[in-house]
Amino acid sequence: SGGRHYAFYNESIREKMIKEVTIKSRMQDALQKNEFLVYLQPKVGLKSGRVERAEALVRWDMPGRGVLPPNAFIPIFEQHQMIGALDQYVFEKICIWLHDRIAAGLKVLPISVNVSRIQFYNSDFVSTYAKIKDRYKIPDGLMEIEFTESVAFENQDYMIQNVEHMRRHGFLCSLDDFGTGYSSLGILKDLSIDVLKLDAVFFRAKSEKSRTYTVLKGIISIARALQIKTVAEGVEYKEQVDFLRKEGCDCVQGFYFYRPMPIAEFEALIAGQGSPPQ
Ligand code: C2E
Ligand code: MG
Ligand code: MG
Ligand code: MG
């Protein structure tokens with residue numbers, strides 16, 4: 001720390017550590033103080049052109065720091081095995097929201113929540129989620145659980161069992177981030193999921209477009225034959241939407257249509273849309 005350059009370098013590591021410690025130590029308190037916000041990002045049906053579903057995405061409104069995106073705190077919670085509490089909090093928030101809307105006679109749509117690997121391996125995760133779903137009397141088919149592809153390929157037997165268990169409890173199951181490294185089409189023959197989420201990597205400019213589209217076309221066609229819905233994530237251009245519609249992809253979730261938004265904004269949006277065709 002005597003040398004000028006060392007001092008600068010050490011300082012940034014120190015700051016990073018302080019930030020990590022702050023994030024870690026403040027989580028419980030933040031849960032109690034309702035600092036975590038649940039945003040919803042609409043999924044637009046490509047046949048109906050309407051918002052048909054949505055994904056719940058967490059943010060942290062940390063006093064003095066502004067609204068933090070999930071990648072600023074989720075990896076830290078995961079590392080310290082603390083993510084389960086947050087996943088469950090988001091899930092319960094959505095159950096309460098659906099419950100209140102149903103009670104008020106307002107329109108509801110299926111909403112998905114993310115479940116981290118750690119929560120997924122928690123042995124009573126399915127029964128805990130099912131109990132909460134029952135407590136708020138959520139009808140079957142309204143709550144969707146997103147698992148990431150990497151978890152599915154890590155322990156396939158466990159995944160298959162858990163997905164069956166969840167579906168018996170009336171949850172929809174979806175495989176998130178499909179296409180990001182562990183993709184094995186083989187798992188689709190054993191895993192009875194409801195939704196396949198095509199990862200945003202397919203819609204980034206890096207790879208050659210015609211090759212990418214050929215791969216996407218194949219995946220969409222396999223999913224269709226297996227009666228698995230497809231949701232394309234991270235779609236930003238009209239030309240991509242047109243391609244996906246032509247190939248029979250079911251929904252688009254991307255900035256081209258909508259960014260994640262506060263729940264109140266989402267309510268206003270769907271109120272103006274009428275009911276999507278069933
Ligand atoms: P994800 O589950 O794959 O969610 C989709 C992410 O893609 C979201 O980022 C969304 O804002 C972003 N996105 C959607 N469309 C576009 C687009 O057209 N362009 C671009 N550039 N981005 C788009 P977000 O909200 O920052 O979330 C990042 C990740 O954090 C999520 O990826 C998910 O893995 C995780 N996450 C969010 N909420 C939760 C949660 O409650 N629990 C857990 N365990 N993970 C969560
Ligand atoms: Mg997701
Ligand atoms: Mg994803
Ligand atoms: Mg993800």
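## A magnesium site along the chain

The donors of the magnesium ion (ligand 2) follow the spacing E-x58-N-x31-E-x29-D along the chain, in what is a predicted model. The residues behind this pattern are Glu55 (OE), Asn114 (OD1), Glu146 (OE) and Asp176 (OD), which coordinate the magnesium ion (ligand 2) at 2.0 to 2.2 Å. Distant parts of the chain are linked in this way, with Asn114 in strand β4 and Asp176 in strand β6 (residues 172–178) lying 62 residues apart.

Asp176 also serves a second ion, for this residue bridges the magnesium ion (ligand 2) and the magnesium ion (ligand 3), which lie 4.2 Å apart. Because the relative accessibility of Asp176 is 5%, this residue counts as buried, whereas Asn114, at 26%, counts as partly exposed.

## Strand β2 and its partners

Strand β2 covers residues 51–62, and 11 of its 12 residues are buried, so the strand is largely enclosed by the rest of the structure. One of its pairings is with strand β1 (residues 36–45), in the antiparallel sense and over nine bridges, and within this pair Leu40 stands opposite Ala56 of β2. The hairpin that β1 and β2 make has five residues between the strands, and Gly49 there takes a positive phi near 70°.

With strand β3 (residues 66–68), β2 again pairs in the antiparallel sense, here over three bridges, and Asp61 has Val67 in β3 as its bridge partner. These two strands also form a hairpin, with three residues between them, in whose turn Gly64 has a positive phi of about 85°. Strand β4 (residues 111–114), in contrast, runs parallel to β2 and is joined to it by two bridges; here Glu55, a donor to the magnesium ion (ligand 2), has Ser112 in β4 as its bridge partner.

## The surroundings of ligand 1

Ligand 1 is surrounded by 24 residues, of which the closest are Arg59, Asp87, Asn114, Glu236 and Phe255. Asn114 thus appears in this list as well as among the donors of the magnesium ion (ligand 2).

Several side chains make polar contacts with oxygen atoms of ligand 1, including that of Arg59, where an N or O atom lies 2.9 Å from such an oxygen. For Asp177, a polar side-chain atom is found 3.0 Å from an oxygen atom of the ligand, and for Glu233 the corresponding distance is 3.3 Å. Of the 800 Å² of accessible area that ligand 1 has on its own, the protein covers 79%.

Note on methods. Residues numbered from 1 in each chain as written. Chains lettered and ligands numbered in written order. Predicted model: local features only at pLDDT ≥ 70, side-chain atom pairs only at ≥ 80, totals over all residues. Heavy atoms only, no water. Buried < 20%, exposed > 50% of the residue type's maximum accessible area, 1.4 Å probe, protein only. Helix = DSSP H or I, 4+ residues; strand = E, 2+ residues; numbered from the N terminus. Pairing = 2+ DSSP bridges. Donors = N, O, S within 2.8 Å, 3.2 Å for Na, K, Ca; no water. Near = heavy atom within 4 Å. Polar contact = N/O pair within 3.5 Å; in protein donor to acceptor, adjacent residues only side chain to side chain. Areas by Shrake-Rupley, 256 points an atom, 1.4 Å probe, with all protein chains shown as cover.
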